[in-house]
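Please open the model in your viewer and keep the sequence panel beside it, since each stop on this tour begins with a selection.

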Amino acid sequence: MKGRFITFEGGEGAGKSTQIQYLAEALRTRGYDVVMTREPGGSPGAEAVRHVLLSGAAEEFGVRMEAILFAAARSDHVEELIRPAIDAGKIVLCDRFMDSSRVYQGVTGNLEPEFVSALERVAINGMVPDLTIILDLPAEVGLARARARSGGGRADPDRYEKEALAVHEKRREAFLDLAAKEPGRCKVVDGNQPADAIAQSIEKLVHPLLDDAASSDTDHAGAQQS
Ligand code: Z5A
């Protein structure tokens, strides 16, 4: 079958990594070849850039610089890992992708939309996700989860976790706006429910796409747009 590219988006602690694990397990049980990956990172070059971004080392150089670094990491990730996996017929599950740049650097970073979309075009080089799951929940619930993750509190929140609650809420709204603008690709799932209930909702959204992939003789949608 043709490969499929599924991305997971949402705020901090929304449950993206947890749901990727659930879905990967369910798909592997059905015999699919699954690749789990994340952004920033996912390839050796992009993982090197991840540390620079999340430690806050690039923050002093401004949001344009950070946006370019996210795009550089994404380009490497797409060409080194995602595209080869899709070409080999695998299902790629990715924790964050281009929509995070639209929201974090574009909306709450106040970068011009033209700048963000020019970087996106170059970075993804046609690799548009077939499906994007947006896990939606109140920002304070997600942040509390993220803080509690390391057994009762993380000593050092990263570059983005330390920002004000209002900024996180603005991102939540921005992800919902994005879903409203691209309802075909982006599906919103209520992230404020038990993990196995969320997993069931996600499986329902994913299975038709895979059945379609198995019977389709057309090329991957992303590759067609390159
Ligand atoms: N960023 C950007 O600015 N621009 C970009 O283009 C890209 C990224 C790609 C990456 O951080 C940062 O980079 C990110 C945006 C920025 N901002 N931050 N911070 P990251 O990779 O370190 O973290 P993250 O992407 O925000 O994910 P996360 O905080 O690790 O959360 P998550 O993956 O969505 O959640 P989780 O790890 O699955 O769950 C969190 C905890 O909640 C964990 O203890 C779970 O056991 C628990 N959990 C999960 N689901 C549930 C449910 N349903 N109920 C209760 N508890 C749950």
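Helices, which are H or I runs of at least four residues, and strands, which are E runs of at least two, are taken here as DSSP runs and numbered from the N terminus. With that numbering in hand, and bearing in mind that this is a predicted model, select proline 40, which sits in the loop between strand 2 (34–38) and helix 2. The bond to inspect is the one joining glutamate 39 and proline 40, a cis peptide bond with omega at about -10°.

From that loop, move on to helix 2 (residues 44–54) and add helix 3 (residues 63–87) to the selection; their axes come within 8 Å and cross at roughly 160°. Angles over 145 degrees count as roughly antiparallel, and helix 2 and helix 3 are therefore roughly antiparallel to each other. Their crossing is left-handed. To display the contact itself, show the side chains of Gly45, Ala46, Val49, Val52 and Leu53 in helix 2, which meet Glu66, Leu69, Phe70, Ala73, Asp76 and His77 in helix 3. Coloured by class, this contact of helix 2 with helix 3 separates into 7 nonpolar, 2 polar and 2 charged residues.

Keep helix 3 on screen, hide helix 2, and bring in helix 5 (residues 113–124). Helix 3 packs with helix 5 at an angle of about 20°, and their axes are 8 Å apart. That angle makes helix 3 roughly parallel to helix 5, and the crossing of this pair is right-handed. On the helix 3 side, select Arg64, Ala67, Ile68, Ala71, Arg74, Ser75, Val78 and Arg83, which meet Phe115, Leu119, Ala123 and Ile124 in helix 5. The contact of helix 3 with helix 5 contains 8 nonpolar, 1 polar and 3 charged residues.

Now leave helix 5 in view and add helix 4 (residues 98–107), which packs against helix 5 at an angle of about 155°, the two axes being 11 Å apart. Helix 4 and helix 5 are therefore roughly antiparallel to each other, and their crossing is right-handed. The residues to pick out are Met98, Ser101, Arg102 and Gly106 in helix 4, which meet Val116, Glu120 and Ile124 in helix 5. By class, the residues of this contact of helix 4 with helix 5 divide into 3 nonpolar, 2 polar and 2 charged. Ile124 deserves a second look, as this helix 5 residue takes part in the contact with helix 4 and also in the contact with helix 3.

Before leaving this pair, centre on asparagine 110, which is found in the loop between helix 4 and helix 5. Its phi is near 60°, a positive value in a residue other than glycine.

For the last stop, select the ligand and display its surroundings: which residues are the closest to the ligand? The ligand is surrounded by 28 residues, of which Glu12, Ser17, Thr18, Arg96 and Ser101 are the closest. Begin with serine 17, where an N or O atom of the side chain is 2.5 Å from an oxygen atom of the ligand. Then turn to threonine 18, whose side chain has a polar atom 2.5 Å from an oxygen atom of the ligand. Finish at serine 101, where an N or O atom of the side chain is 2.6 Å from a ligand oxygen atom; Ser101 is also among the helix 4 residues that meet helix 5.

Technical notes:
Residues are numbered from 1 along each chain as its sequence is written. This is a predicted model: local features need pLDDT of at least 70, side-chain atom pairs count only at pLDDT 80 or more; totals for chains, interfaces and linings use all residues. Side-chain values use heavy atoms; hydrogens and water are left out. Axes are lines fitted to C-alpha atoms, for helices over the stretch in contact, and angles run from 0 to 180 degrees between N-to-C directions. Angles under 35 degrees count as roughly parallel, over 145 as roughly antiparallel, 65 to 115 as roughly perpendicular and the rest as oblique. A crossing is left-handed if the near helix is turned anticlockwise from the far one by less than a right angle, and right-handed if clockwise. Contact means heavy atoms within 4.5 Å. Ala, Val, Leu, Ile, Met, Phe, Trp, Tyr, Cys and Pro count as nonpolar, Asp, Glu, Lys and Arg as charged, and the others, Gly among them, as polar. A residue is near a molecule or strand if one of its heavy atoms lies within 4 Å of it. A polar contact is a pair of N or O atoms within 3.5 Å; within protein, one must be able to donate a hydrogen and the other to accept it, and residues adjacent in sequence count only if both atoms are side-chain atoms.
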